Amino acid sequence: MGGYSLFKYFIRRTLLTIPTMFLCITIIFFCLRIVPGDPALIILGNQATPEAVKELHKTMGLDAPIWQQYLEFLSDTIQGDFGKSLYSGKSVSQQLFEGIPHTFNLALTSILFACVVGIPLGIVSARKHNTLFDDGLRVTSLIALAAPSFLIGIFLLIAFSVKIPIFPSMGVGEGFLGKLYYLVLPSITIGSGIAAALVRFMSSSMLDEINKDYIRTARAKGIPEKFVFYKHALRNSLIPVVTVIGLNITGLLSGAVIIERIFGRPGLGALALEAIFARDFPVVQGCLILFTFIVVIVNLLVDLSYSLLNPKIHQS
Amino acid sequence: MQAQLSNQDPNSSVGNDVKSANKKTKGNTFFDWKTFRQNRLGMLSLFVIVFFVLLAVFAHWIMPHDPLSQDILNKFQGISKEHWLGTDLNGRDVLSRIIFGTRISLIVAFCTVLLGATVGFAVGIIAGYKGGLVDDILMRIMDAIMTFPLILFALMLLMVLGNGVTTLVIIISIGMIPGCARIARGATLDIKDSEFVKAALSMGSSHLRIVLTHILPNILASLLVVLTMNMSLVIMVEAGLSFLGVGISPPTPTWGNMIRDGFTYITTKPSLALYPGIALTILVIALNLFGDALRDSVDPHIKRQKK
Amino acid sequence: MGALLEVKNLRVGRGKKEEFMGILEDVSFEVYEGETLGIVGESGCGKSMTALTIMGLLSKNLSVESGAVYFNGTDLTKLSTTELNQIRGKDISMIFQEPMTSLNPAFTIGNQLAEVFKHHGNYSKKEIREKSIEILTKVRIPDPEEKLKSYPHELSGGMRQRVMIAMALACKPKIVIADEPTTALDVTIQAQILDLLNELQSDLNMAVMFITHDLGVVAETCQRMIVMYAGQVIEEGTVEEVFEHPSHPYTRGLMLSSPRLGSKVKRLKTIEGVVPDLDNMPKGCRFAPRCEFATDICYEQAPLFEKISTSRGVRCWNKL
């Protein structure tokens, strides 16, 4: 009944990610190879000897026909073998693996910050609709939403690390508290945009809900106002929140590249950036594939959780 | 059975009420200027945008100094009568550079958005209008493009293709296409099934004609909103890319470039990064607020396509 | 016998003090134990607003300017939300018009039904479940145990309305306000729901305030009725009295404009004109502009509601 069709929807939606991933990694493959010019030449520079170029061709597998390269690429990727870095010789998957925790921590704390600040403020904004507080909050969140995150990062850096040296400007830190300390400014940077979006969504969501017919029914049943607000209205309001967070995660990854650079943090973003400057193709490729994978998975989770919260979706 | 009513009595005072009530209903207005005017934030942002545009257009006449002329002896100067915002690491006048940077940012943003929106809207209209397999394939491709973190993708391509402005424009516009396509597709789907399109078809209108005369005018409104919102996005992306070093190359001043230069000296002279940063923030916020206000006053018939 | 519910000179509208615009004016009527009172009028005449006022469910921009609603000796309009919540759902409950949107889509039927019991008594989980199944059976929902786990969108409109009725009747209220409960449903379902309401009413000895614009339904189900127009009560009486001998010209127009089986009228009479706008309320009698019997005084002075007999009342200078 209710449970079974939900299950079917889960399966169907999960399977849909496969063609999407497939399409994405194909695009990545061809983009990196169809670029004009010889990649080996780009890496080695114009002064390279023909032998060195040929050698690099062999190492990179560029001497085989493109279709063969593609198939090898596919089989490698599925097995998780992204090759070796052209510069450090280290396994790409190894480097990715090392970078993940840092970026993950950043993402997690950013989202936590956004939720802790954004959701309550959004609810309060709805409760205090049309008061001065609400208006001020709306304008502030509009501005926070519009301001580019890397600029927020730079401003925060200047304000709280240079002018008023409270927080460190570079690095990751040691130990749990230490790491948290170093995460404060970067998380606020990334989190404020998401928080602002959350405030707006929670607020408008709650306001929409309060006017719904079933809220009137709940009141007619003699249910205390507290329950009406926090059970009936809130529950339905939370639905777009999950989507908002999910949608913003893609932006988070893009932002991670710049933010990790600004705050001197290691992580996937920093790794990708370094590799791009060094023309370290295997690493760049690995990073891109990983990034798209993360985005696809996150989108999947968002859709699934949305359908859990909103029983109507999986019925269609 | 409901009591039958008729308003055949023109002398009745209540008849006039019906007439006035009918006048109050909003017609099919393309753009509700009145509502927009009431949105103070929107009006404010419009003025800010116009200000920046004027700055860009009249840059050559307004700039106090040549943005490229170096004066090493006078580097890192603070605010002075000579240099209103001081000088940078090469002794160049910061204010002039910011003004000139406005022009670059706006031109790049405008071209990119125009290109991206045109292609995006075309794709969206085709997908929405044709439907079926064409729609599915196109939307799948759009999904795939959307999955890529734009900046990373742009970084990679810029690395291999070189730093040219044209490359920059093309790459960023590709990132814009899925969003525009979605909106255009949504609007097309809304209109495709409407009565007047069916009527036009039955009268033998060619598909192209229908698209041009019926669909385009109706999505023009959402097009405008998309353009403004995306302008701010593109300016941000371009600045971000320049900041990372793959945007427009120095010594041409773009805000992103300037922030990048300033970032190296952030501990000693933070204002170098701060001033262009503030300019950028103000313009981007203004564009976003303007787009919001625009969206609010556009004909409510246009539905916004959410994911 | 004293009235269960007494609405007295209710004046409800929007705005404050000088800018106050009355929508409901001088609305008064009584509801007695066990009876079915019909409230009739066209859309916008204020019948729903009256019901919402009684329940304290007016939207934020509306308020009670004067008048009272007496229930059990207390004026409901003066109660705080917490006090009102003791009465709502328990002593007085309401069934709404739109079953499709009146149930929260995020919670199961069982959950929403259990809420009523939870907040109006100290029942154990087991008791709540038993009572829920009992009331669902009473409203003739098949497979009640399974239905407890269903979500509203899994049920048809008729089913949802039965659930609404179940929730309203769960605590055996003294009064049930039914606001056009069948308007949004199929004609066949309509009949079923009406039957059900009838049955339950006599079973539980509740009073029912039946709000509708359908005179046929009133004729079938109600003993007494009031007619509303433009925010006022303009006629009151037993159903027989009002149907056979309508006193107010508007009521007369209503009766003449509904087709009756066996009547020989060839063309239905219509009432000319439209209901006046809130901003353009006529000075005298609100119906005068459309009334074929209007005289000078009708345009000058608003008539008061007059009791002709114990059961009858009219608001008209020229009672027919």
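**Group meeting: a walk through a three-chain model**

Okay, so chain A has 316 residues, and 41% of them count as buried. Before I go on, keep in mind that this is a predicted model. Staying with chain A, we get twelve helices and zero strands, so to speak an unbroken run of α from one end of the sequence to the other: α-α-α-α-α-α-α-α-α-α-α-α. If you take the contacts in chain A with a separation of 6 or more, 72% of them are between residues 24 or more positions apart.

Now chain B. Here we have 307 residues, with 46% counted as buried. What does its secondary structure come to? Twelve helices and one strand, and reading from the N terminus, the strand leads and the helices follow: β-α-α-α-α-α-α-α-α-α-α-α-α. For contacts with a separation of 6 or more in chain B, residues 24 or more positions apart make up 70%.

One helix in chain B to look at is H9, residues 195-202. Is it buried or in the open? None of its eight residues is buried, so H9 of chain B lies largely in the open. Just after that helix, B:Gly204 has a positive phi, about 95°.

On to how the chains meet. Between A and B, 34 residues of chain B are in contact with 36 residues of chain A. On the chain B side, the elements giving two or more residues are helix H6 (132-147), helix H7 (150-161), H10 and helix H12 (271-297). By class, that side of chain B has 24 nonpolar, seven polar and three charged residues.

Then the A and C contact, which takes 19 residues from chain A and 27 residues from chain C. On the chain A side, helix H9 (213-220) and helix H10 (225-262) are the elements that give two or more residues, and H9 of chain A has the largest share, six residues. What are the classes on that side? Five nonpolar, six polar and eight charged.

Next, the core. The largest nonpolar core has 244 residues, and the ones touching the most other members are A:Cys287, B:Ala154, B:Leu155 and C:Met209. The element giving the most to this core is helix H10 of chain B, residues 207-244, with 17 residues. As background, nonpolar side chains in soluble globular proteins tend to be buried together. Zooming in on C:Met209, and leaving aside neighbours within four places in sequence, its contacts are C:Val31, C:Leu37, C:Ile39, C:Ala51, C:Ile175, C:Ile177 and C:Ala178.

A couple of those residues turn up again in the strands of chain C. There's an open sheet of four strands, in the order S2-S1-S4-S5, with antiparallel pairing. S2 (21-31) and S5 (74-75) are the edge strands, each pairing on one side only. S1, residues 5-14, runs antiparallel to S2 and is joined to it by seven bridges. In that pairing, C:Leu5 has C:Val31 as its bridge partner in S2, and C:Val31 is one of the C:Met209 contacts.

Chain C also has S6, residues 92-95, which is covered on both faces: C:Ile92 and C:Met94 are buried on one side, C:Ser93 and C:Ile95 on the other. Which way does S6 pair with S7, residues 175-179, parallel or antiparallel? Parallel, over four bridges. C:Ile92 stands opposite C:Ile175 in S7, and C:Ile175 is another of the C:Met209 contacts.

Last stop, helix H6 of chain C and the loop leading into it. H6 of chain C is mostly covered, with eleven of its 13 residues buried. Among the buried ones are C:Arg160, C:Gln161 and C:Arg162, along with C:Val163 and C:Met164. They pack against S6, S7, helix H3 (109-119), helix H4 (125-138) and helix H7 (187-204) of chain C. Quick geometry check: 13 residues at 1.5 Å a residue should span 18 Å, and the end C-alpha atoms are 18 Å apart, so that agrees.

The loop between helix H5 (144-147) and helix H6 (157-169) of chain C holds C:Leu155. Why does C:Leu155 count as partly exposed? Because there are 19 C-beta neighbours inside 10 Å, and buried needs 20 or more. Leaving aside neighbours within four places in sequence, C:Leu155 touches C:Ser150 and C:Arg160. C:Leu155 and C:Ile109 are 46 residues apart in sequence, with 9.8 Å between their C-alpha atoms.

That's my tour, thanks.

Notes. Residues are numbered from 1 along each chain as its sequence is written. Chains are lettered from A and ligands numbered from 1 in the order in which they are written. This is a predicted model: local features need pLDDT of at least 70, side-chain atom pairs count only at pLDDT 80 or more; totals for chains, interfaces and linings use all residues. A nonpolar core is a set of buried Ala, Val, Leu, Ile, Met, Phe, Trp, Tyr and Cys residues joined through C-beta atoms within 7 Å. A residue is buried if 20 or more other C-beta atoms lie within 10 Å of its own, exposed if 12 or fewer, and partly exposed in between; C-beta atoms are placed from the backbone. Two residues are in contact if their C-beta atoms, placed from the backbone, lie within 7 Å. Ala, Val, Leu, Ile, Met, Phe, Trp, Tyr, Cys and Pro count as nonpolar, Asp, Glu, Lys and Arg as charged, and the others, Gly among them, as polar. Two strands pair if DSSP finds at least two bridges between them. The expected span of a helix is 1.5 Å times one less than its number of residues.
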